[in-house]
Amino acid sequence: MKCAIILAGGKGTRMKSEMPKVMCEVLFEPMLHYVIRAVKEAGCEKICVVTGYKHEIVEEYLEEGIETAYQNPQLGTGHAVMMAREFVEKHKDDEILILNGDGPMMTAETINNVYAYHMENNNSITLTSAIVDDTNGIGHIKRDENGTLMCIVEHKDADEEEKKINESNAGMYWFKGADLLYALSNITNENAQNEYYLTDSLEILINQGKNAGAFVCENSEVILGANDRKQLNTLNNIMRRNINDFHMVNGVDIPCTDGVMIGMDVKIGGSTTILPNTIILGNTVIGEGCTIGPNTYIKDGIIGNNVILDNVKLTDSEVEDCVDCGPFVQVRAGSKLCKGVHIGNFVEVKNSVVGAGTKSAHLTYIGDSDVGENVNFGCGTVTVNYDGKNKSRCKIGNHAFLGCNTNLIAPVEIGDYAFTAAGSTITDDVPENALAVARARQVNKDGWVTEKKPYKDMK
Ligand code: UD1
Ligand code: CA
């Protein structure tokens, strides 16, 4: 069985964040999200996350089924694994993956490539490395003149010669469980930072005559981590580029990638166009032939085919085929726009179902409502869903025609084919086929102005 320990206890002083470092975000998800995703995708059945600094934030974030170990104080990566000793003991006959929680670029593919190499060579420990340009702060992988692994020297402990070594330790290792236990019992803190370095396991196991190897990644991007905000920005840019490239290869049209940020889990159909300044996140699924953007934000949206979302903010909602939305529209959680709906400028829809073919062209609020098919919302229609205490629903039948500036005081029901006169405040149900007029009649007072002389300068 494959199991994994993810190190997530560090404070991340260099981030200058209120949050534990692993909760700092890349493409709007904590770095830890990507690490867990990769580990699961790689087939690790049991996962233990070592928490420490503000552990409750990390624990709350973790889904059920993931074990935790608590490290306090945080005395280094080796110490972090010592805190998960119980987990290691349970899995002493298994292969155990250990990886840093601040390396969101790691992929399941690389994890499994390293695993295959680890198994082929019957290694006790297999490191992951890559050749990097920026050697600042890395663990340098030291080899002898034949290229045989010797040890890992942390940058702070390295002498001038060692600092020139540009093979960097990725912070991702496969161990044989029993050998990891042995290493943990022998790691000391005699180094520049007085920390227990997990990286010392390499030398400890080599000295025991165990097999050790390093898998060198060709693509050094996968080993990147972030210790500060500038590195976080770099990771955002790289991941953003990779994801955009992935979609373009699959037939998504992104004529200009400026401001286009697409989350890792988003799915987009072919021949859809994404325009600038568009952020698409969460578990969003978008169909084919859509035009999304410019300036559109979607989180957890299910979007059909041939949909237009132009300057739209949409969260946790469903949009069926051929819907045309925008510009300047908000679709809030729990909404469903059925086939062919048209929503125009300055319209907000919240927690409502809008039936097929319905049109709301401008300046309307549709909240907590069940709207039928082919309804016409006049400009300025408001569903008055909140009386200061309770929220209530409006029901609007098929083919209803709501005159401009209709207020529907919920709970209220408009029958099929019913009309409301412009400017009506509807407090009672309207039967089907009826016209409701709920406003005072107009009175014209002839000569009122000449008589009253309401302006100062009138003679
Ligand atoms: C570590 C490696 C280094 C490697 C680099 C790759 C060690 C000693 N060094 O250095 O060789 O090149 O990663 O990015 O392992 N953590 C804890 N508890 C602690 C300390 C850290 O849980 O007491 C966690 C952190 O939250 C983080 C991870 O371990 O997720 C790595 O810690 P960090 O301090 O960033 O290590 P580096 O200095 O980057
Ligand atoms: Ca790090």
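## F419 and its surroundings

In this predicted model, F419 has a relative accessibility of 40% and therefore counts as partly exposed, a class that lies between the limits of under 20% for buried and over 50% for exposed residues. The residue belongs to strand β37, which covers residues 419-420.

F419 also takes part in a nonpolar patch on the surface, to which F401, L435 and V437 contribute as well; the area of this patch is about 380 Å².

## Strand β7 and its cover

Strand β7, made of residues 125-131, is mostly covered, since six of its seven residues are buried. The pairings of this strand, with β10, β11 and β12, are described below, beginning with the parallel one.

## Pairing of β7 with other strands

With strand β12 (residues 212-217), β7 runs parallel, and the two strands are joined by six bridges. Within this pairing, T126 is placed opposite G213 of β12.

The pairing of β7 with strand β10 (residues 167-169) is antiparallel and rests on three bridges, with A130 standing opposite S168 of β10. Strand β11 (residues 172-176) likewise runs antiparallel to β7, to which two bridges join it; here I125 of β7 faces F175 of β11 as its opposite residue.

How values were computed:
Residues are numbered from 1 along each chain as its sequence is written. Chains are lettered from A and ligands numbered from 1 in the order in which they are written. This is a predicted model: local features need pLDDT of at least 70, side-chain atom pairs count only at pLDDT 80 or more; totals for chains, interfaces and linings use all residues. Side-chain values use heavy atoms; hydrogens and water are left out. Patches are made of residues with over 30% relative accessible area and no salt bridge: like charges are joined within 9 Å, nonpolar side chains (Val, Leu, Ile, Met, Phe, Trp, Tyr) within 5 Å. Accessible areas come from the Shrake-Rupley method with a 1.4 Å probe; for residues, only the protein chains shown count as cover. A salt bridge is a side-chain nitrogen of Lys or Arg within 4 Å of a carboxyl oxygen of Asp or Glu. Helices (H or I, at least four residues) and strands (E, at least two) are DSSP runs, numbered from the N terminus. Buried means under 20% relative accessible area, exposed over 50%, partly exposed in between (1.4 Å probe, protein chains only). Two strands pair if DSSP finds at least two bridges between them.
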